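Good morning, colleagues. Please take a moment to look at the sequence and the structure, and I shall then walk through a few parts of the model.

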Amino acid sequence: NRNHKITILSGDGIGPEVMQQALKVLEAASTKFNFTLETTDCLVGGAAIDAKGCPLPQETVDACEKSDAILFGSVGGPKWENLPPDEQPERGALLPIRKHFNLYANLRPGVCLPALKHASPVKNELIPNGFDVLCVRELTGGIYFGTPKGRDDNQENPTAHDTMVYSKNEIERICRVAFTAAMARDKRLLSVDKANVLQCSILWREVVTEVAKDFPEVELSHMYVDNAAMQLIKQPSQFDVLVTGNLFGDILSDEMAMISGSLGMLPSASLGNKKENGLYFGMYEPSGGSAPDIAGQGIANPIAQILSASMLLRYSLGENEAADAIDAAVNAAIDKGYRTGDLYTGAEGETKVGTSEMGAAIIAAL
Ligand code: NAD
Ligand code: IPM
Ligand code: MN
């Protein structure tokens, strides 16, 4: 069956701007590779709060449930950040969707294309062969979801608390995803934790070491998160696949994005368990956010959204040829010198373009 259903959640800020380009690319790819996409647009985040009074309307969840995958833009922004925390776009929509669909495995491939080496703030001699690291981030557990969570203002010195919890099963399943990914790459897996302080990390290390027995070909190592943050800058090419918890993965993946040249380059796939047909239900979203500082100007980089759409084709729809073609078209547009403002360095051969021109350059290459 090559008629696929996807739900489009554009959200806020630059979300709708970059989504528009991703949808054009998907349309071009579906024509070229002879499949059909039935898309349903739904409200989410601040846009849903403004229109419906809540960040995640039931009809949005219903539409997602009826589809093969979700393509997500970004949510949040200054307009909604003074609402009660659970009614804000992030905690009221994005996190609940991840949890509702059990999307525990977040794959964030940080890749610095050769033509973008000089856009990376890392010294070029440190990335002689570019930068290509896969961050496997646990997405539905840890300190984001642990209870109790809250605050107590009824005392002279108010307090707030969050709880970091990981179960053995949660750690084991994300580690299996990471080892499997490492098997398809350079077979080197780094587990990042804070086992010198946190109980969760001590359990994490035990479990990852246990799972490693099932993957004898993969070379497993461990690093504390503070050192990992430093090593990413010091010697980025030592990494292949990195597996870590929700909070550490959030932070390290932004750092990886910048090593690749810009946060606007890093896509992501949030996956649950594999289905019988080998595909996943998943949500695909850029790793960056709604970028309120540049929203509405038509200058955001659409590549993270476009590469997220390509991951959707690959992991949820099995349209691998189309996914490969989109990835190649992105590389080709970059090779031709097209640069949104976040990537533009003024070097010879670069042409500074806006969001829609970048989309058009990618479609032309496709
Ligand atoms: P951000 O990722 O939105 O922006 C950080 C910086 O990166 C900004 O300078 C921004 O201009 C730049 N940037 C991000 N994406 C870019 C792109 N595609 N092209 C060019 N530049 C880009 O992070 P923030 O400013 O900390 O957060 C803004 C809002 O986004 C907050 O409400 C936050 O909660 C939300 N957020 C949402 C998601 C999501 O929906 N998945 C992810 C991260 C942050
Ligand atoms: C991300 C974002 C989200 C996260 C926020 C918006 C809740 O930063 O997807 O990286 O922390 O997971
Ligand atoms: Mn983040």
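Let me begin with confidence. The mean pLDDT of the chain is 97, and 100% of its residues reach 70 or more. Please bear in mind that this is a predicted model. Its scores are ipTM 0.99 and pTM 0.98.

I turn now to helix α5, residues 168-183. At 1.5 Å a residue, its 16 residues should span 22 Å, and the end C-alpha atoms are indeed 22 Å apart, so the two values agree. Which residues of α5 are buried? They are Glu 170, Ile 171, Arg 173, Ile 174, Cys 175, Val 177, Ala 178, Phe 179 and Ala 182. Against what do these buried residues of α5 pack? Their partners are the strands β4 (105-112), β5 (131-138), β8 (188-193) and β10 (241-244), together with helix α6 (199-211).

A second helix deserves attention: α9, which runs over residues 303-317. From the first C-alpha to the last, the 15 residues of α9 reach 20 Å, close to the 21 Å expected at 1.5 Å a residue. Because 15 of the 15 residues of α9 are buried, this helix is largely enclosed by the rest of the structure. After α9 comes Gly 318, with a positive phi near 70°.

Finally, I come to ligand 2. Which residues are found around ligand 2? The shell consists of Gly 76, Glu 90, Leu 94, Asp 250, Ser 287 and Gly 289. Sorted by class, that shell has three polar residues, two charged residues and one nonpolar residue.

Thank you for your attention.

Methods: Residues are numbered from 1 along each chain as its sequence is written. Chains are lettered from A and ligands numbered from 1 in the order in which they are written. This is a predicted model: local features need pLDDT of at least 70, side-chain atom pairs count only at pLDDT 80 or more; totals for chains, interfaces and linings use all residues. A residue is near a molecule or strand if its C-beta atom, placed from the backbone, lies within 6 Å of it. Ala, Val, Leu, Ile, Met, Phe, Trp, Tyr, Cys and Pro count as nonpolar, Asp, Glu, Lys and Arg as charged, and the others, Gly among them, as polar. Helices (H or I, at least four residues) and strands (E, at least two) are DSSP runs, numbered from the N terminus. The expected span of a helix is 1.5 Å times one less than its number of residues. A residue is buried if 20 or more other C-beta atoms lie within 10 Å of its own, exposed if 12 or fewer, and partly exposed in between; C-beta atoms are placed from the backbone. Two residues are in contact if their C-beta atoms, placed from the backbone, lie within 7 Å. pLDDT is the predictor's confidence in each residue, from 0 to 100.
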